[in-house]
Amino acid sequence: MSPPSASVSIHVSAPPETVYEIVTDVTDMSGWNVECESAEWVGPIRGPRPGARFRGRDRNGRRRWSTLCTVTVADPHRVFAYGVRAGGLLDVAIRRFEITPSGTGCHVEQSTWDTRGPVLRLLGGLVSGVRDRAARERADMLRTLERLKAAAEAVGAPPSTGG
């Protein structure tokens, strides 16, 4: 796979299981994802499994749009990834959360790949109001991971390893 268009990471003082549960509960994604207004599972497969689909409603200020996402990877406590289609028709991105255990919780990396062609990049900028998507993605993903960290750490930090 080619390098991501944007990628950020953060340390979270919570177990990988906790972080994975939060990331894969798309119905609560708006609680920590800065661009997401709401999301819901659609279709016969529900939950974090490859092939499952969910509809996201996103916003940037007064601009709003809808996406249809398909889960591509759901490796419990490790990786959650999905493809994003604008209006359910055109591929626009791949999003991936990678969770790596550490001695004091876990390391979370969020990456995105912009899969739009030149015309769709221009139209996407008009719809979303964002001209430099990679720079905006990095800033939004950092804020998203900070909110994810706060949510996961509020649930509970990993047990002490003693000492």
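**From one threonine to the whole sheet**

Thr 24 belongs to helix H1, and this residue makes a convenient starting point for a walk through the structure, which is a predicted model. With a relative accessible area of 7%, Thr 24 is buried, because residues count as buried when that value is under 20%. If its neighbours within four places in sequence are left aside, the residues in contact with Thr 24 are Trp 41, Pro 48 and Phe 80.

Thr 24 is not alone in being hidden, for the buried residues of H1 also include Pro 16, Thr 18, Val 19, Tyr 20, Ile 22 and Val 23. Since 7 of the 9 residues of H1 are buried, the helix is largely enclosed by the rest of the structure.

What, then, is the sheet made of, and in which order do its strands lie? It is an open sheet of 7 strands, which follow one another in the order E1-E7-E6-E5-E4-E3-E2 with antiparallel pairing. At its edges lie strand E1, residues 6–12, and strand E2, residues 36–42, each of which pairs on one side only. From one strand to the next, the twist averages 20°. Helix H1, which spans residues 16–24, packs on this sheet and touches E1, E2, strand E4 (63–75), strand E5 (79–86), E6 and E7, while its direction makes about 165° with that of E6.

A second helix also meets the strands: helix H3, made of residues 133–155, lies across E1, strand E3 (53–60), E6 and E7, and it runs at about 20° to E1.

Within the sheet, strand E6 (residues 90–102) and strand E7 (residues 105–114) run antiparallel and are joined by 10 bridges. Along this pair, Pro 101 stands opposite Cys 106, a residue of E7. Is Cys 106 buried or exposed? Its relative accessibility is 0%, and therefore Cys 106 counts as buried.

Another cysteine, Cys 36, is also buried, with a relative accessible area of 3%. A reader who meets cysteines may wonder about disulfides, and a disulfide is a covalent bond between the sulfur atoms of two cysteines. How many disulfides does the model hold? The count comes to 0. For Cys 36, the nearest cysteine sulfur is that of Cys 69, at a distance of 8.6 Å, and Cys 36 is in no disulfide, because a disulfide requires the two sulfur atoms to be within 2.5 Å.

How values were computed: Residues numbered from 1 in each chain as written. Predicted model: local features only at pLDDT ≥ 70, side-chain atom pairs only at ≥ 80, totals over all residues. Heavy atoms only, no water. Pairing = 2+ DSSP bridges. Helix = DSSP H or I, 4+ residues; strand = E, 2+ residues; numbered from the N terminus. Axes fitted to C-alpha atoms, helices over the stretch in contact; angles between N-to-C directions. Contact = heavy atoms within 4.5 Å. Buried < 20%, exposed > 50% of the residue type's maximum accessible area, 1.4 Å probe, protein only.
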